[in-house]
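Let's take a walk through this structure together. Have the sequence and the coordinates open beside you as you read.

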Amino acid sequence: MKGSFRQSMAWLHMWSGLIVGWVLFAIFVTGTASYYRADISRWMRPELVRVEPTDGAGLAASAERAVTYLKEHAPKARTWFIGLPQPDHPVLDLFWRTRPGEPPGHVTLDPKTGAEAAVRDTKGGDFLYRFHFELHMPPLWGRWVVGICAMIMLVALISGIVIHKRIFADFFTFRRDKAPRRSFLDAHNVTGVLALPFHLMITYTGIITLATLYMPWGVTTAYKGDSQAFFVEANWITTPRKPAGRTAEMAPIGPIVERAVATWSEPLERLTISNHGDANATVVAVFEEPHGLSHEHPQIAFDGVSGEILETRNGGLKPAAKTFTTMTGLHEAHFAGPALRILFFLCGLMGCAMVATGIVLWSLARLPKPGERSFPGLRLVQALNVGSIAGLPAAVAVYFLANRLLPVDLAGREDWEIRAFFGAWILAALVPLARPQRRAWCEGLAAVAVLCLAVVAADILTIPGHPLRASGGDPLFLWFDGSMLVLAALFAVASRKVRRYEAPRRERSARSERAPAPSSVPSPARSPARHTEPTHA
Amino acid sequence: MTPLVLAVNLGLSFAGLTALCLSLNRHHSEIFDRRAERRAVLRLRAFGWAALAVSLFVAGAWEGWAFGPVQWFGALTGAAVGLVLLLSYRPRYVAPAALTALLVAAVPLAVLAAAS
């Protein structure tokens with residue numbers, strides 16, 4: 001780190017970006033996909049059919065069925081979670097926790113009969129969503145890794161703004177027909193600058209959503225170690241109650257649910273029942289967020305024995321808590337309708353593109369000159385670039401494909417889908433190590449295109465109710481398959497560009513006949529970057 | 001109302017950003033094969049910033065000042081991506097597209113103004 005301020009910032013930008021680039025790319029891709037988490041989940045559970053919203057009496061009856069099931073199958077659990085049927089997800093989703101450290105129990109029930117629902121076992125969009133901030137690691141570890149990457153991302157963003165000398169003059173500049181380093185730098189700048197408000201917002205609010213994990217000291221000091229009190233004041237939970245140690249019969253859940261539904265107009269989303277069978281049993285009804293930027297679920301706590309309301313929490317937050325929930329809300333964008341959601345999605349794609357072009361630029365800047373030898377670090381970075389920029393989308397496609405192709409009654413099906421995801425990714429990351437760079441890019445991108453097409457084919461072939469096969473099918477399938485086709489087309493174009501690329505003659509006529517050298521390529525996300533691919537730089 | 005407001009935002013952003021883009025010499029000569037005159041540059045800049053300001057006002061007035069700015073930023077980014085792609089692949093279409101965008105913004109704006 002020598003020289004002027006700007007030079008040292010350039011050094012910082014380059015290395016901070018490289019260190020976390022591949023993880024960031026994965027975070028951006030899965031995060032961008034998570035804007036459509038509910039839709040992905042619905043696509044991955046094709047057995048479920050959209051229904052009209054259930055009324056209070058219907059919800060009450062299905063809650064009764066859920067409690068009956070839990071009393072029989074999870075009598076020892078300390079807490080029961082009951083996800084109530086929603087129009088998009090018309091089943092009862094039951095979870096229960098018996099003791100800390102043990103994975104929670106889970107079952108899906110038919111809300112009308114209380115029998116186990118005939119739905120394929122899958123994590124759906126939740127896998128991608130959780131991967132976005134936990135990387136499929138143990139939650140605490142994953143969140144810390146993602147948090148550190150996000151903080152370094154913030155460093156890279158700010159230093160990137162500092163070193164961009166012509167940020168206004170080059171605002172609209174994308175010279176895709178120039179030398180690779182030039183056009184990739186333009187693509188990096190354009191995707192970074194045009195969506196800069198989004199990038200800054202999403203990185204900062206992303207850290208903020210987990211801020212109490214990264215920096216617990218403020219809460220520890222202000223609440224004298226009682227973090228629960230903070231969560232209550234922030235409207236995350238209702239006041240927790242300790243078990244009394246005396247047994248007592250629980251009040252029927254039906255009337256409680258009906259009373260909850262009658263209290264607020266927001267749809268009732270789930271129930272949390274803790275200490276059932278105890279005199280201090282508590283039922284918390286959690287509602288969907290009211291329309292607004294801030295992310296707050298209204299909640300009502302009922303006494304589980306008497307059925308009386310203990311506490312209601314809905315709005316009325318103090319400024320600090322309101323700021324916090326608004327930041328979280330901005331990050332998750334639950335408020336965004338279909339059109340605004342497309343814009344958020346587009347911004348997410350630009351984030352993917354920015355990260356992808358950034359890590360490719362690092363290797364472009366270090367390509368050996370004619371007569372020089374490549375060095376192992378460069379080789380590794382190049383292989384990792386292919387492994388993440390083509391490998392991750394391939395893995396996501398395989399995840400979708402596994403959802404359609406694995407036998408529906410396979411034991412541990414949801415785990416096999418995830419194994420397919422990681423298997424594909426590992427394979428996609430290892431192959432480029434053994435292939436020449438340009439071939440690796442070309443094959444990797446083509447593989448993603450083929451896999452996306454395979455997802456569409458598998459969807460149409462295995463789903464009898466697909467709108468292309470039966471009239472009155474759910475249009476969701478058409479939208480999903482359409483997006484897969486678009487992705488396939490983008491990757492196919494990118495692959496073709498790599499194969500056909502020749503370095504601009506003017507600048508490199510002397511060198512263009514030499515051995516094929518590394519090349520790099522736009523990611524799917526990188527529709528804007530459909531420019532020439534480098535062989536030299 | 002949201003789709004209408006979003007259409008206004010996208011249209012105004014595209015027209016405004018195009019004006020700002022054409023006020024830069026490099027892009028002006030790419031499209032019109034000549035350098036921009038000083039007065040034209042000033043007019044383009046004034047129009048561009050005004051369009052973006054009106055877009056922000058429309059977003060704030062109809063979507064509220066919480067959602068408005070979020071939508072304004074989103075529309076700006078969306079329009080800018082479109083503009084950069086058009087500039088790179090079909091520079092000739094930039095000016096006509098900006099005029100169309102202005103019309104596309106004007107119609108829903110008239111509807112909104114009439115309804116309120």
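A residue is called buried here if 20 or more other C-beta atoms lie within 10 Å of its own, and exposed if 12 or fewer do. Keep in mind that this is a predicted model. With that cut-off in hand, A:N275 counts as buried, because 21 other C-beta atoms lie within 10 Å. This asparagine sits in the loop between β4 and β5 of chain A, and has a positive phi of about 55° although it is not a glycine. A:K224 also has a positive phi, near 50°, without being a glycine. Its place is the loop between α9 (217–222) and α10 (227–233) of chain A. Is A:K224 buried or exposed? A:K224 is exposed, as 8 other C-beta atoms lie within 10 Å.

**The sheet of chain A**

The loop with A:N275 leads us to the strands on either side. Seven strands of chain A form an open sheet with antiparallel pairing, in the order β3-β2-β1-β4-β5-β6-β7. β3 (105–109) and β7 (309–313) of chain A are the edge strands; each has a single partner strand, so one side of each is left without a neighbour in the sheet. On average, and ignoring direction, neighbouring strands are turned by 15° against each other.

Three of the pairings are set out here.

| Strand pair | Sense | Bridges | Citation |
|---|---|---|---|
| β1(A) (79–83) and β2(A) (92–97) | antiparallel | five bridges | |
| β4(A) and β5(A) | antiparallel | six bridges | |
| β5(A) and β6(A) (299–303) | antiparallel | five bridges | |

Some residue partners help to fix the register. A:G83 stands opposite A:D93 in β2(A). A:L268 has A:F287 of β5(A) as its bridge partner, while A:V283 is matched with A:F302 in β6(A).

How many residues of β5 (282–287) of chain A are buried? Six of the six are, so this strand is largely enclosed by the rest of the structure. In a regular strand the side chains alternate between the two faces of the sheet. In β5(A), A:T282, A:V284 and A:V286 point one way, A:V283, A:A285 and A:F287 point the other way, and all are buried.

A helix also lies against this sheet. Helix α3 (56–73) of chain A packs on the sheet and touches β1, β2, β3 and β4 (268–274) of chain A, its direction making about 35° with that of β2(A).

**Domains of chain A**

The domain assignment gives chain A two domains: domain 1 (5–45 + 130–194 + 333–529) and domain 2 (56–119 + 235–316). Their C-alpha centres lie 40 Å apart. Where they meet, five residues of domain 1 of chain A are in contact with seven residues of domain 2 of chain A. The domain 1 side of this contact is made up of two nonpolar, one polar and two charged residues.

**Cores and a buried helix**

The largest nonpolar core has 136 residues, and A:F25, A:A394, A:A395, A:A397, A:V398, A:V448 and A:C452 touch the most other members. The element that gives the most to this core is α3(B), with 19 residues. A second, separate core has 34 residues, including A:W80, A:V91, A:V257 and A:I300.

A:C452 is worth a stop. This cysteine lies in helix α17 (437–462) of chain A, and counts as buried because it has 28 C-beta neighbours inside 10 Å. Beyond its neighbours within four places in sequence, A:C452 is in contact with A:A397, A:M484, A:L487, A:A488 and A:F491. A:L485 is 33 residues away along the chain, with 6.7 Å between its C-alpha atom and that of A:C452. With the sequence neighbours again left aside, A:A397 contacts A:V448, A:L451, A:C452 and A:V455.

Helix α2 (37–44) of chain A has six of its eight residues buried, so it is largely enclosed by the rest of the structure. The buried ones are A:R37, A:I40, A:S41, A:R42, A:W43 and A:M44. Among the elements covering them are α1 (5–34), α4 (125–134), α15 (391–405) and α18 (475–500) of chain A.

**Where the chains meet**

The contact between the chains takes 18 residues from chain A and 21 residues from chain B. On the chain B side, α1 (2–22) and α3 (38–89) each supply at least two residues. The largest share, 15 residues, comes from α3(B). By class, this side of chain B has 14 nonpolar, seven polar and no charged residues.

Notes. Residues numbered from 1 in each chain as written. Chains lettered and ligands numbered in written order. Predicted model: local features only at pLDDT ≥ 70, side-chain atom pairs only at ≥ 80, totals over all residues. Contact = placed C-beta atoms within 7 Å. Helix = DSSP H or I, 4+ residues; strand = E, 2+ residues; numbered from the N terminus. Nonpolar A, V, L, I, M, F, W, Y, C, P; charged D, E, K, R; others polar. Core = buried A, V, L, I, M, F, W, Y, C linked by C-beta atoms within 7 Å. Domains from an automatic or database assignment. Pairing = 2+ DSSP bridges. Axes fitted to C-alpha atoms, helices over the stretch in contact; angles between N-to-C directions.
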